[in-house]
Amino acid sequence: MERSLIVAPSVLSADFSDIRGALTSISDSGTSWVHLDVMDGMFVPNITFGPKFIADIRKHSDLFFDAHLMVEEPSRYVEQFAKAGCDCITVHTEACRNVAGTLDLIRSFGKKCGLSIKPATPVKDLDPFLDDVDLILIMSVEPGFGGQGLIYETLDKVRYLASARGDRRYLISIDGGVNASTIRDVYESGVDVVVTGSAFFKESDRASFVRRMAAGGDVR
Ligand code: DX5
Ligand code: ZN
């Protein structure tokens, strides 16, 4: 049977002045996840939004909130993001002094925990944490901005994680440069979740786009 991917549109490419419209558009497209890119201007050279924004949009959406914290020392803010209503909180290995402790902290609030690595970080850095994470987010572009091209070498990390999984619970997600041209290779690498920002918001028929992404490029 063909696998179906979870599609997680990123609001990074939405018009923030109409965020409720963007969330409705994501729900109407037939997917159940939204990807929330939190940037602090330190870990990455861009700034987006924080816990108050997420708490405010939580009141208007039943989507699964997949928060991607591109934040230096994120343990300082885990409680606020958990209380804002995130469902999964993903942090970067490169940003944490104590990765295991940060994952424990996320779980202590009853949230799913995720771990992400930048394109230059070896996938083996994740090995000590594979038993403990619900999601692994492979960055397929340099974090900070939408609309960049997918770095194909990062798909090797997905292949490694798919073959190393065994009976562990983690989902493998990929973030950056996923669109109609790249989805076939992304799908075949073994991912479970695809984040898509600019391609989703450029699309006029978003329901059809989500079906195609979920099917790995085949139109059903
Ligand atoms: C980049 C963000 C991504 C971004 C992806 O730092 O983590 O989630 O929104 O955007 P696209 O799909 O445009 O590459
Ligand atoms: Zn992201």
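Which side chains meet in a salt bridge with an N to O distance of 3.5 Å? They are those of Lys59 and Asp56. The model examined here is a predicted one, and this pair is a convenient place to begin reading it. Side chains of opposite charge can pair when their charged atoms come close. Lys59 is exposed, with a relative accessible area of 66%, whereas Asp56 is partly exposed, at 27%. The pair also belongs to a network of salt bridges, in which Lys52, Asp56 and Lys59 are linked.

The structure as a whole holds eleven salt bridges, and two further examples deserve attention. In one of them, the side chains of Arg168 and Asp131 meet with N and O 2.6 Å apart. Arg168 lies in the loop between helix H5 (155-164) and strand S7 (171-175), and Asp131 lies in the loop between strand S5 (112-117) and strand S6 (135-139), so this salt bridge ties together parts that are 37 residues apart in sequence. Arg168 counts as partly exposed, at 29% relative accessibility, while Asp131 is exposed, at 53%.

The other example joins Asp192 to Arg165, whose closest N and O atoms are 2.9 Å apart. Asp192 is found in the loop between helix H6 (183-189) and strand S8 (193-196), and Arg165 in the loop between H5 and S7, so the two residues tie together parts that are 27 residues apart in sequence. Both Asp192 and Arg165 are buried.

A charged residue may also be buried without such a partner, and Asp37 in strand S2 illustrates this. Asp37 is buried yet has no salt bridge. The nearest side chain of opposite charge is that of Lys118, 13 Å away. The side chain of Asp37 does, however, make a polar contact of 2.9 Å with the side chain of His35. Apart from neighbours within four places in sequence, Asp37 is in contact with Ser10, Leu12, Thr48, Phe49, His68, Met70 and Asp175.

Attention now turns to helix H2, which spans residues 51-58. Its buried residues are Pro51, Phe53, Ile54 and Ile57. Viewed down the axis of H2, these residues fall within an arc of 160°, so they line one face of the helix. A general property of helices helps in reading this pattern. An α-helix has 3.6 residues a turn, so residues three or four places apart point the same way. The buried residues of H2 pack against helix H1 (19-28), strand S2 (33-39), strand S3 (64-70) and helix H3 (78-84).

Strand S3 contains Ala67, which is buried with a relative accessible area of 0%. When neighbours within four places in sequence are left aside, Ala67 is in contact with Leu36, Cys86, Cys88, Ile89 and Thr90. Ala67 and Glu79 are twelve residues apart in sequence, and their C-alpha atoms are 13 Å apart in space.

One of the contacts of Ala67, Cys88, leads to the matter of disulfides. A disulfide is a covalent bond between the sulfur atoms of two cysteines. How many disulfides does the structure contain? The count is zero. Cys88 is in no disulfide, and the nearest cysteine sulfur, that of Cys113, is 7.0 Å away. The same pair can be considered from the other side: the cysteine sulfur closest to that of Cys113 is in Cys88, and the distance of 7.0 Å is too far for a bond. Cys88 is buried, with a relative accessible area of 2%, and Cys113 is buried as well, at 0%.

Beyond strand S3, in the loop between S3 and H3, lies Glu73. Most residues other than glycine have a negative phi, and most peptide bonds are trans. Phi of Glu73 is near 45°, a positive value in a residue other than glycine. At 10% relative accessibility, Glu73 counts as buried.

The last residue to be considered is Thr102, which is found in helix H4 (residues 99-108). Thr102 is buried, with a relative accessible area of 1%. Not counting residues up to four places away in sequence, Thr102 touches Pro74, Ser75, Val78, Val91 and Cys96.

Notes
Residues are numbered from 1 along each chain as its sequence is written. Chains are lettered from A and ligands numbered from 1 in the order in which they are written. This is a predicted model: local features need pLDDT of at least 70, side-chain atom pairs count only at pLDDT 80 or more; totals for chains, interfaces and linings use all residues. Side-chain values use heavy atoms; hydrogens and water are left out. Buried means under 20% relative accessible area, exposed over 50%, partly exposed in between (1.4 Å probe, protein chains only). Helices (H or I, at least four residues) and strands (E, at least two) are DSSP runs, numbered from the N terminus. The arc is that of the directions from the helix axis to the C-beta atoms. Contact means heavy atoms within 4.5 Å. Lys and Arg count as positive and Asp and Glu as negative; His and the chain ends are not counted. A salt bridge is a side-chain nitrogen of Lys or Arg within 4 Å of a carboxyl oxygen of Asp or Glu. A polar contact is a pair of N or O atoms within 3.5 Å; within protein, one must be able to donate a hydrogen and the other to accept it, and residues adjacent in sequence count only if both atoms are side-chain atoms. A disulfide is a pair of cysteine sulfur atoms within 2.5 Å.
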